[in-house]
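Open the model in a viewer and keep the selection panel at hand. The stops below go from the whole assembly to single residues.

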Amino acid sequence: MQPDLLNSAQIAHTSHLIRTCSPLVHCMTNEVVQTFTANVLLALGASPAMVIDAAEASQFSAIADALLINVGTLTQDRAVAMQAAVESANAHHKPWTLDPVAVGALSLRSDFCHQLLALQPAAIRGNASEILALAGMSKGGRGVDTTDTAADALPAAQALARQISTIVAVTGEVDYVTDGRRTVMVTGGDSLMTRVVGTGCALSAVVAASCALPGDRLDNVAAACGLMKQAGAVASANGAGPGRFVAAFLDALYVEEKA
Amino acid sequence: MQPDLLNSAQIAHTSHLIRTCSPLVHCMTNEVVQTFTANVLLALGASPAMVIDAAEASQFSAIADALLINVGTLTQDRAVAMQAAVESANAHHKPWTLDPVAVGALSLRSDFCHQLLALQPAAIRGNASEILALAGMSKGGRGVDTTDTAADALPAAQALARQISTIVAVTGEVDYVTDGRRTVMVTGGDSLMTRVVGTGCALSAVVAASCALPGDRLDNVAAACGLMKQAGAVASANGAGPGRFVAAFLDALYVEEKA
Amino acid sequence: MQPDLLNSAQIAHTSHLIRTCSPLVHCMTNEVVQTFTANVLLALGASPAMVIDAAEASQFSAIADALLINVGTLTQDRAVAMQAAVESANAHHKPWTLDPVAVGALSLRSDFCHQLLALQPAAIRGNASEILALAGMSKGGRGVDTTDTAADALPAAQALARQISTIVAVTGEVDYVTDGRRTVMVTGGDSLMTRVVGTGCALSAVVAASCALPGDRLDNVAAACGLMKQAGAVASANGAGPGRFVAAFLDALYVEEKA
């Protein structure tokens, strides 16, 4: 079955919803990307908050509109806090999103991510290697890099989505967002997005935010991917390198916000 | 009693003092804002250092000129280390500043912040919800956002300042800095300051730095607020979005520094 | 014996090697500089990854091409994980680099760094105070600041390099890179590099990357220092302050990369 192509009206619609609903996103993410993640959410009009202690994380997931779990710099303490937050989110019917950074190659996060799959994520966002590893179809890459294209991992993404009734976004040069039945393809972006840290992780935070929006979740998650690719294309158009790209990228998300 | 309005000569004076005294500021702050906080202090000519292990933090607070405690990503381990640092700062007559991020809604930080109030902070910097919660006059917001204006929290700030003999800066669109008797009002700034993460947290670090300066502490803390608002206004004048704003904001602080 | 002066052909050669070999650098570094460190490595064409749990860090050091240990925000847990990673790196013949941030003044990191010296670092990168403290010739500064010039610490650097058979880069306004017999001097750079956080820490990550390259290690490490000084000079040429400098610095590293 052919994937649908994301249309730009959906991007504008979801962007409007983020801005007007301003979801409070509880981000339990890795140490490297916290600032950029917060700034991406703020640029879009969402409200980020990072709360990491197990007791507080559990309290906060009940209050927030959405939860992001990113295992990039996982420790055993963080895993305990993340699990408490996920359980609280579920108890309070708040959607949570998993970013399984570098799953497959490393044991703590691999065990933890597989364990989390039983706790009903609303969405999963990863690169091809990560989705293949999560679906049990590969051993993962050496880290956050991927040698597979998103298209290679689409069957794994679809199988995983059906298996645990979630939405899987497998992202790369082209993104695919699927619930296992319908698949939306998202094109665009720019290679500079891979030369600055955190674009993938921040996308996962936007996916988390979009899971809290009204409307079709698959469409909103696909639009989250589209929003980021669109900003990447705008930001790279000025011809600068990765340093100025970061600033221009946030500005592009914000221009979207004012539009 | 009418608040005084901060005058720009005081801003220039305090800015000059920061640059010439270059206080070494021990920042125990949240994971999200550490880089920006360090860059703000460096741009102003102060010297930041982040030391977080309990034993080292205790040693370092004795050496540093000022200490900042920001509970944004508090954990139990960090609370232990922070308390050790505060006790050491007090033993060595170094001023310490509290930023009670999101106090009220979350139990670990709320208990911890109330406990710290007994340890004589030189200054407290928070938004209206945080100051209201700290003064026992509300339950706080959902996170770092505030639905009250700083003016709403001014009576709470004044009561808190008198009660524990400290200076309280309650900040927002307008800032109020008070010792419970005299109050200074600080206007200016730009709404983009709320669309990038860390402007409030970095302000708390500048407040911590200004507590180490000679002269009137209330005036220096108010000037710290004024310095940041002034840089925000300069940085927003170029019409860019939040990405380029961050860079322009640091440049504006640095231009101040060279003036 | 007179130090050699680094020539720009070596900078271009090492830059080319980083880009073509794209070493995967396992960065166990401090919380303040993780984003900037990752972005510096990405701009140069290397591949950063931050993995911090003890079990995972040990696994990952076996996979990565190089390991960086930076003790800037050391905790006891992190020290355990770092030691496990170093031992794994050694077992798998992967070079590891030490950045002994603020060694001397603080006990946990001082004990830990001295203990790590027995585990054969491929390179050590520090400022004058840090190298003097590590060589047992001073008590270190108050933090990351240094009151000594790199030239003052050159004898200590040479002695330390000979004693444990490593390469020591002592950096400042002028850098010296030595194996205890041959010494290369690196000039250039700009004072703005000291007004933004992380340039020294990110340099250590580039040193770590260059230890994984083919060719003469001393020359590659010196070229790593030269690459950063060259980018600093380019970035400061636009006359902006520290905010825009950071972006221009990454762009300059990236321009190098495309050259």
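**Chains B and A**

Start by selecting chains B and A. Chain B superposes on chain A with an RMSD of 0.0 Å after a rotation of 120° and a shift of 0.0 Å along the axis. This is a predicted model, and that applies to each stop that follows. To find the axis from chain B, select B:Glu31, whose C-alpha comes closest to the rotation axis, at 4.0 Å. The two copies use different surfaces, as 15% of the contact residues of chain B recur in chain A.

Now colour the contact between these two chains. Chain B puts in 27 residues and chain A puts in 27 residues. On the chain B side, the elements that give two or more residues are helix 2 (34-44), helix 5 (107-116) and helix 10 (242-258) of chain B. Which of these gives the most to the side of chain B that touches chain A? Helix 10 of chain B does, with 5 residues. Sorted by class, the side of chain B that touches chain A holds 13 nonpolar, 8 polar and 6 charged residues.

**Chains A and C**

Hide chain B and show chains A and C. A turn of 120° and a shift of 0.0 Å along the axis lay chain A on chain C, with an RMSD of 0.0 Å. The two copies are thus related as by a three-fold rotation axis. In chain A, the C-alpha nearest the axis belongs to A:Glu31, 4.0 Å from it.

Here 28 residues of chain A are in contact with 27 residues of chain C. Select helix 2 (34-44), helix 5 (107-116) and helix 10 (242-258) of chain A: these are the elements that give two or more residues to the side of chain A that touches chain C. Helix 10 of chain A gives the most to that side, with 5 residues. The class count for the side of chain A that touches chain C is 14 nonpolar, 8 polar and 6 charged residues. Only 14% of the interface residues of chain A are also interface residues in chain C, so the copies meet through different surfaces.

**Helix 5 of chain C**

Bring chain B back and select helix 5 (residues 107-116) of chain C. Its buried residues are C:Leu108, C:Arg109, C:Ser110, C:Phe112, C:Cys113 and C:Leu116. What covers them? The cover includes helix 3 (54-63) of chain B, along with strand 4 (66-70), helix 4 (76-91), strand 5 (96-99) and helix 6 (128-134) of chain C.

**The sheet of chain B**

Isolate chain B and show its strands. They form an open sheet of 9 strands with mixed pairing, in the order 1-9-8-7-6-5-4-2-3. Strand 1 (4-5) and strand 3 (47-49) of chain B stand at the edges with a single partner strand each, so one side of each has no neighbour in the sheet. Strand 2 (residues 24-28) of chain B runs parallel to strand 3 of chain B and is joined to it by 3 bridges. To see one pairing, select B:Leu24 and its bridge partner in strand 3 of chain B, B:Ser47.

Next add helix 4 (residues 76-91) of chain B. This helix packs on the sheet and touches strand 2, strand 4 (66-70) and strand 5 (96-99) of chain B. The direction of helix 4 of chain B makes about 150° with that of strand 4 of chain B. Then add helix 9 (residues 217-236) of chain B, which packs on the sheet against strand 6 (123-126), strand 7 (167-170), strand 8 (175-178) and strand 9 (183-186) of chain B. The direction of helix 9 of chain B makes about 10° with that of strand 9 of chain B.

**Helices 1 and 9 of chain B**

Keep helix 9 of chain B and add helix 1 (residues 8-21) of chain B. Their axes come within 8 Å and cross at roughly 100°. The two helices are therefore roughly perpendicular to each other. Helix 1 of chain B makes the contact through B:Gln10, B:Ile11, B:His13, B:Thr14 and B:Ser15. Residues of helix 9 of chain B in the contact include B:Asp219, B:Ala223 and B:Leu227. By class, this contact has 5 nonpolar, 7 polar and 1 charged residues.

**Two residues with positive phi**

Select A:Ala102, in the loop between strand 5 (96-99) and helix 5 of chain A. Its phi is near 60°, a positive value in a residue other than glycine. Is A:Ala102 buried or exposed? A:Ala102 is buried, with 30 other C-beta atoms within 10 Å.

Finish at C:Ser165, in the loop between helix 7 (154-164) and strand 7 (167-170) of chain C. Phi of C:Ser165 is near 55°, again a positive value in a residue other than glycine. C:Ser165 counts as exposed, with 11 C-beta neighbours inside 10 Å.

Definitions and conventions: Residues numbered from 1 in each chain as written. Chains lettered and ligands numbered in written order. Predicted model: local features only at pLDDT ≥ 70, side-chain atom pairs only at ≥ 80, totals over all residues. Least-squares fit on C-alpha atoms with pLDDT ≥ 70 in both. Contact = placed C-beta atoms within 7 Å. Helix = DSSP H or I, 4+ residues; strand = E, 2+ residues; numbered from the N terminus. Nonpolar A, V, L, I, M, F, W, Y, C, P; charged D, E, K, R; others polar. Buried ≥ 20, exposed ≤ 12 C-beta atoms within 10 Å, placed from the backbone. Pairing = 2+ DSSP bridges. Axes fitted to C-alpha atoms, helices over the stretch in contact; angles between N-to-C directions. Parallel < 35°, antiparallel > 145°, perpendicular 65-115°, else oblique.
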